[in-house]
Amino acid sequence: MNSYFKCIKGCEGQYSLTDIIYRCPKCGSLLQVTHDTEALKAKLNGEGWNKLFASRMGSTKWPYGSGVWRYKELVAPEIDDDSIVSMYEGNSNLFYAKRFGQMFGVKDLWIKMCGNTHTGSFKDLGMTVLVSMVNQMIKKGKNIKAVACASTGDTSAALAAYAAYAGIPSIVFLPANKITTAQLVQPMSNGSIVLALDTDFDGCMKIVQQVTRNNEIYLANSMNSLRVEGQKTIAPEIVQQFDMEVPDTIIIPGGNLGNVSALGKGFKEMKELGMISKMPRIIVAQAQNANPLYTSYKNGFESFSSISAKKTLASAIQIGDPVSVDKAIATLKEFNGIVEQASEEELAEAAALADRTGMYSCPHTGVALSVFTKLASRGDIASDERVVIISTAHGLKFSEFKVGYHEETISGINCSHANKPIELAADSDLVLKVLEEEIKKLK
Ligand SMILES: *Cc1c(COP(=O)(O)O)cnc(C)c1O
Ligand SMILES: [Zn+2]
């Protein structure tokens, strides 16, 4: 069974997964990993694959306990098991957002908690595949000195952790002062070479592409389609969690647009193998301050123009020139897609309201939650649909956002759910009196 890289625009040529290549040499488009579907079909039918993958859930048999490597045959069948660098990522829970959904008339709303993982974001899913492949290449004698990425904070955290686990040097390029404290401290702790550049993400992306040109430093951004292979396992994992029922609608925040492309690829391949028969609708949620895909959607995808992204609280999607835009548009066309946006106030209010129902939402999840409320309110999501929102990171990585909201220091935003601590003398009579008033307010 052989997997290989191939141009997404269909140019001739197949490239080994151990070649150091990120773009089609003929047309410059991105590549994607293509698997030997015929061999997979010959091995098992759809039901057979479903049974096999189900049997591995929760296993401790290396590497199948991972939510990514459970699907090894669909992800990267050629990697030796002992080259795999895994922290048993994936396996994230579905949060039943009962109260939040009901507020908008939708009974069957679920949040896929991709931030409940080792480095706190879905980036772990792709990074396990990429670092495993690099590990195998180094073992087989390839001259790779280090692995590098540009990042809005979460990719670098994942790269740093996986590289440290494998003992491979890593380099991260971060836009100075544009990521959270937690995101900065993560690669510092894992021993990466951390470069804070005086530019934005798009600027860092340009530099890292130049630095990795001589092929001695391996590029770990999502233009490297190995990452997409790991991230696409969100699709089969969600379906397995619903006893092989495909949800009606999935909402996913989009920045560089690798993740939405991965989600679509996951569903398409499951359908090809007969694992599912239905496809979901896919909705991309963008921050209004970084919305080039939304603008393109509004003109029917007739054209796409990159923009200079404005500052947004959803810092991981502050991207104006998304590298995977072609893949994302193809995915949206195929999955009956919609793109909707959320303003700074809308994303902050949606995240805070959801928190009031037990979540702890990062700002990107806030963008998706806000888009959900808009689509449900205008009837683009029906009350009986099963909807899954992809939560991309853990709220704990975004304390500045949370604190700013509750201290009402985010300028231009009406923080209507702000909830400050009450400072009181240690006097039980006073405490009781205040509590009586506060409990009344909650009713
Ligand atoms: C990377 C990231 C995104 C965006 O994913 P893309 O593949 O760049 O579209 C969204 N949210 C968080 C928290 C991220 O880290
Ligand atoms: Zn090409």
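Helices are taken as DSSP runs of at least four residues, numbered from the N terminus. In the predicted model described here, helix α11 contributes six residues to the lining of the largest pocket, the most of any element. This pocket holds about 530 Å³ of space. Its lining comprises 24 residues, and Q32, V33, K265, K268 and E269 are the ones that lie nearest the centre. Two or more lining residues come from each of β1, β3, α1 (37-43), α11 (258-272) and α13 (325-334). By class, the lining of the largest pocket consists of nine charged, eight nonpolar and seven polar residues.

The second largest pocket encloses about 390 Å³. A set of 15 residues lines this pocket, with K311, T312, L313, S315 and E400 nearest its centre. Six of the lining residues of the second largest pocket are nonpolar, five are polar and four are charged.

The model also includes a zinc ion (ligand 2), to which the protein supplies the SG atoms of C7, C11, C24 and C27 as donors, at 2.3 to 2.4 Å. Angles among the four donor atoms span 107 to 114 degrees, and the site is tetrahedral. Along the chain, the donors of the zinc ion are spaced as C-x3-C-x12-C-x2-C. Two of them, C7 and C27, link distant parts of the chain: C7 belongs to strand β1 (residues 4-7), whereas C27, 20 residues away, sits in the loop between β2 (15-16) and β3 (31-34). The relative accessible area of C7 is 6%, so this residue is classed as buried. C27 has a relative accessibility of 40% and is therefore classed as partly exposed, as the latter class covers values between 20% and 50%.

Strand β6 (residues 146-150) is largely enclosed by the rest of the structure, because five of its five residues are buried. In a regular strand, side chains alternate between the two faces of the sheet. In β6, one side carries A146, A148 and A150 and the other carries V147 and C149; all of these are buried, and both faces are thus covered. Strand β6 runs parallel to strand β9 (residues 217-219), to which three bridges join it. One bridge partner in this pairing is L219 of β9, which is matched with A148. Strand β7 (residues 170-175) also pairs with β6 in the parallel sense, over four bridges. Here A150 has F173 of β7 as its bridge partner.

Six cavities of 30 Å³ or more are present in the structure. The largest cavity has a volume of about 310 Å³. It is lined by 27 residues, and those nearest its centre are F122, K123, G255, N256 and A316. At least two lining residues come from each of α6 (154-166), α9 (226-231), β10 (249-253) and α11. Helix α11 again gives the most, here with three residues. The lining of the largest cavity is made up of 13 polar, 11 nonpolar and three charged residues.

The second largest cavity holds about 80 Å³ of space. Among the residues lining this cavity are G67, G90, N91, S92, K112, C114, N116 and T117. L125, T233, I234 and E237 also belong to the lining. Seven residues of the lining of the second largest cavity are polar, three are nonpolar and two are charged.

Key. Residues numbered from 1 in each chain as written. Chains lettered and ligands numbered in written order. Predicted model: local features only at pLDDT ≥ 70, side-chain atom pairs only at ≥ 80, totals over all residues. Heavy atoms only, no water. Donors = N, O, S within 2.8 Å, 3.2 Å for Na, K, Ca; no water. Tetrahedral: all angles 85-135°; square planar, octahedral: opposite > 155°, others 65-115°. Buried < 20%, exposed > 50% of the residue type's maximum accessible area, 1.4 Å probe, protein only. 1 Å grid on protein atoms, 1.4 Å probe; cavity = no way out; pocket = protein on both sides within 12 Å on 5 of 7 lines; lining within 4 Å. Points joined across faces, edges and corners; volume = space filled by probe spheres on them. Nonpolar A, V, L, I, M, F, W, Y, C, P; charged D, E, K, R; others polar. Pairing = 2+ DSSP bridges.
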